[in-house]
Amino acid sequence: MADSIIVTGGAGYIGSHTVVELLAEGYKPVIVDNFCNSEKSVLNGLKKITGKEITLYEGDCTNKSFMQRVFEETNPKGVIHFAAYKAVGESVEKPLEYYHNNLVSLLVLLEVMKEHTCNTLVFSSSCTVYGNPDELPVTEETPTQKAVSPYGNTKQISEDIIHDTVATKTGLGAVSLRYFNPIGAHPSSLIGELPIGVPNNLVPFVTQTAAGWREQLTVFGNDYNTPDGSNIRDYIHVVDLAKAHVKTLKYLESKSSFYDAINVGTGKGTSVLEVVTSFEKITGQKLNYKIGPRRSGDVEQIYASVDKSKQVLNWETELTVEDALRDAWNWQQTLPKAN
Ligand code: NAD
Ligand code: UFG
């Protein structure tokens, strides 16, 4: 029988793409989601892509008795923990909500995993833990820096909580995947990112501008110390990122009382202006954009060293930024104009 894997936040952007890859590799994903930042229609997309009915538990990961019931009924082999609030700016306005949701959900999960001797955990971390790095590309040994937002701090604290739990040597094997910038959508255009309201992130803003939902994109600064003056990021196709989770589960199969953090990126930096130019070239859409002031809190440039993910996970990206921009645009065109 297929191993059950609990996917908290499995109806969300990265979680839903990971559910597809889990099924493709013979696992039985069990989605646990309260739909605070996703739509139930995602389940229809998943069914169309995979041809399978996916088990869903609707509820809140911070609710221990609910999580105990999920574990009792599904007896999972492992957990991929995506469920969290993720908007950096909002976390500054609502720190308590962010600390509560992101930390309590992890604590409850670890307690229930221990009760059920479920010893495999893949955790969604972020390259924000590196802050403004002194050296590029950033390796996993690059020192982490004090987080600039409550959101970033929840990722650092979460990594510490998992590290300290593993150190008790009760068998838990865990990896924090430090994502760089996930973009794109499933090539079927049946699932993708569903930003609520005005997007903060670059690529949804680009596609919504091209679709006429937004009047103009503002490029936040062209006076950075980079070749074209705009910020540089490591944009990774969400399908590649999803596959990294499955590789990590397999890697953890042979691990006990083990913790590590691994970068998940392409290793290649792309500037904001390069994203704009590539998008125009691939889609044939002229993008209305202007150069504006810097956005506070943005790091100048960051991209991943991918040596460790290649070496230990035997994983590397297969898709390009161009693939991701094409898929993001195709997905955008399926969306009804909502806001
Ligand atoms: P998302 O908001 O699309 O998905 C998160 C899902 O978790 C949503 O479906 C939401 O309804 C659910 N959720 C949140 N809190 C919950 C709770 N208490 N109980 C049950 N369900 C809950 O976000 P995403 O982009 O898919 O991100 C997934 C994870 O990856 C998050 O932990 C995020 O912090 C992390 N991450 C995301 C990015 C990014 O740029 N998207 C980058 C780095 C790290
Ligand atoms: N940008 C613009 N205009 C916009 C939006 C973004 O120029 O309208 C620029 C930003 O200044 C930045 C780049 O596009 O240089 C990327 O910005 P995003 O907001 O898309 O992504 P960030 O790198 O700021 O952060 C994202 C997520 C975080 C996550 C981080 C690392 O928002 O949650 O990636 O994974 F932690």
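In what order do the seven strands of the open sheet stand? The legends below describe close-up views of a predicted model.

**View 1. The open sheet with its parallel strands.** The strand order is E3-E2-E1-E4-E5-E6-E11, and the pairing is parallel. Strand E3 (55-58) and strand E11 (258-264) form the edges; each has a single partner strand, so one side of each is left without a neighbour in the sheet. On average, and with direction ignored, neighbouring strands of this sheet are turned by 20° against each other. In general, the strands of a sheet pair through backbone hydrogen bonds, either parallel or antiparallel.

**View 2. The pairing of strands E1 and E2.** Strand E1 comprises residues 4-8 and strand E2 residues 28-33. Five bridges join the two strands in the parallel sense. Opposite Val7 stands Ile31 in E2.

**View 3. Helix H8 lying across strands of the sheet.** Helix H8, formed by residues 238-252, lies across E1, strand E4 (78-81), strand E5 (120-126), strand E6 (173-179) and E11. Helix H8 runs at about 160° to E6.

**View 4. The surroundings of Val138 in the loop between E5 and helix H6.** Helix H6, which bounds this loop together with E5, spans residues 150-166. Val138 counts as buried because its relative accessibility is 0%, under the 20% cut-off. When residues up to four places away in sequence are not counted, Val138 touches Tyr130, Pro133, Phe180, Asn263, Ile302, Tyr303, Ala304 and Ser305. The C-alpha atoms of Val138 and Ala242 are separated by 21 Å, the two residues being 104 residues apart along the chain.

Technical notes:
Residues numbered from 1 in each chain as written. Chains lettered and ligands numbered in written order. Predicted model: local features only at pLDDT ≥ 70, side-chain atom pairs only at ≥ 80, totals over all residues. Heavy atoms only, no water. Pairing = 2+ DSSP bridges. Helix = DSSP H or I, 4+ residues; strand = E, 2+ residues; numbered from the N terminus. Axes fitted to C-alpha atoms, helices over the stretch in contact; angles between N-to-C directions. Contact = heavy atoms within 4.5 Å. Buried < 20%, exposed > 50% of the residue type's maximum accessible area, 1.4 Å probe, protein only.
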